[in-house]
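User: Please take me through how the terms applied to this structure are justified, setting each value against its definition.

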2 protein chains.
Amino acid sequence: MKIILVGASGTIGKKVYERLATRHEVIKASAHQGNIIVDITNRASIERMYKAVPNVDAVVCAAGGAHFGPFDNMTEDDFYIGIRDKMMGQINLVMVGKDYINDRGSFTLITGILAEDPIRMGLGLSMVNGAVNAFVKATAIELKRNLRINVVCPGLVEDAVEKYARYFPGHNPVSMERVVKGYIRSIEGANTGQVIKIY
Amino acid sequence: MKIILVGASGTIGKKVYERLATRHEVIKASAHQGNIIVDITNRASIERMYKAVPNVDAVVCAAGGAHFGPFDNMTEDDFYIGIRDKMMGQINLVMVGKDYINDRGSFTLITGILAEDPIRMGLGLSMVNGAVNAFVKATAIELKRNLRINVVCPGLVEDAVEKYARYFPGHNPVSMERVVKGYIRSIEGANTGQVIKIY
């Protein structure tokens, strides 16, 4: 398969790349490095990416940020950080990509455990995760040409433990291997409309 | 209790008003009629509402729109209709309201079955419902002063069957009585962070 991997240089993206590259042609897309530069908060940038890398069989995302901080200090603009990035960024990857991707192609997005199991200061992420999970279920029944869409929804991943464990008291870190397998299940499997929970 | 009911003139709001008014002081808020006019897509309008109706014990929402239509024709702006209205409109009701509402007050928002059980053309609603459900769970653990927050998440309600049943093939209409009880459970009960599914 020919695959675009958005967020290829991130904590999760790196591990997904390593596995996918053993058996697929993988184009690394990131905000600042890789085979192609893409800013998912900018729809025109997404359009340019698909024009530069045509005829892909899978679009895979391991990117997307949101505001992290206590509700008391959050402004409306803080909510819109995640709305424009992890939420509409991923939705635009699908909305634009559906016209470029090959028949029977797949989209694999990313959310996370905070959609249903919140932590302090994580509500900006919880909100966008919940939105994208629901978007994936709803879009799966609308896609044409046998296109598929799923979302990998991991818990705290082991490679992020050092940086984030203090915000996730009592959470069981998830092995990178399990997360990578979640992506493989979506990309190489046949399901659609699934929230692939890895926790 | 002194209660602000946003969307008091809608299909669900009317029934919630009838019940609440039997034992509470209910201020009806709507976009075009009622005791006070509020546009939930406009944060300044929400601020004005809370200043005009101070010291409430419960903020109850039965309002919020989103784009309805096939994914193929949806534009980015179409997604933002729901983001600004049912999603950030309700989030702003909480974000602004938390500084005005009485100690031990409650917020009761509204979403719907499409968050997890999509229908054709409903993805704009699915997305915002998923976002608000996750927001409620995440915000419940951040609210101070024993404030509470829940969301009523109904299926197709019986009073909307004539208008919408054709979009919900095979769905069991939910009685208005059950929906009203969902609101009562949130407003008069003690739970917080709950998605009160009525279907």
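Analyst: The questions below take up one helix and then the contact between two chains. This is a predicted model, in which local features need pLDDT of at least 70 and side-chain atom pairs count only at pLDDT 80 or more, while totals for chains, interfaces and linings use all residues. Residues are numbered from 1 along each chain as its sequence is written, chains are lettered from A in the order in which they are written, and side-chain values use heavy atoms, hydrogens and water being left out.

User: What makes the buried residues of α2(A) line one face of the helix?

Analyst: Helices are DSSP runs (H or I, at least four residues), numbered from the N terminus, and α2 of chain A covers residues 43-52. Its buried residues (under 20% relative accessible area, 1.4 Å probe, protein chains only) are Ser45(A), Ile46(A), Met49(A) and Tyr50(A). Seen down the axis, these buried residues fall within an arc of 135°, taken from the directions from the helix axis to the C-beta atoms, so they line one face of α2(A). The face turned away carries Arg48(A), Lys51(A) and Ala52(A), which are exposed, that is, over 50%.

User: Why is the pair Lys144(A) and Asp72(B) called a salt bridge?

Analyst: The term requires a side-chain nitrogen of Lys or Arg within 4 Å of a carboxyl oxygen of Asp or Glu. The closest N and O atoms of Lys144(A) and Asp72(B) are 2.6 Å apart, so the pair meets the definition. The rule finds 2 salt bridges across the interface of chain A and chain B.

Key:
Helices (H or I, at least four residues) and strands (E, at least two) are DSSP runs, numbered from the N terminus.
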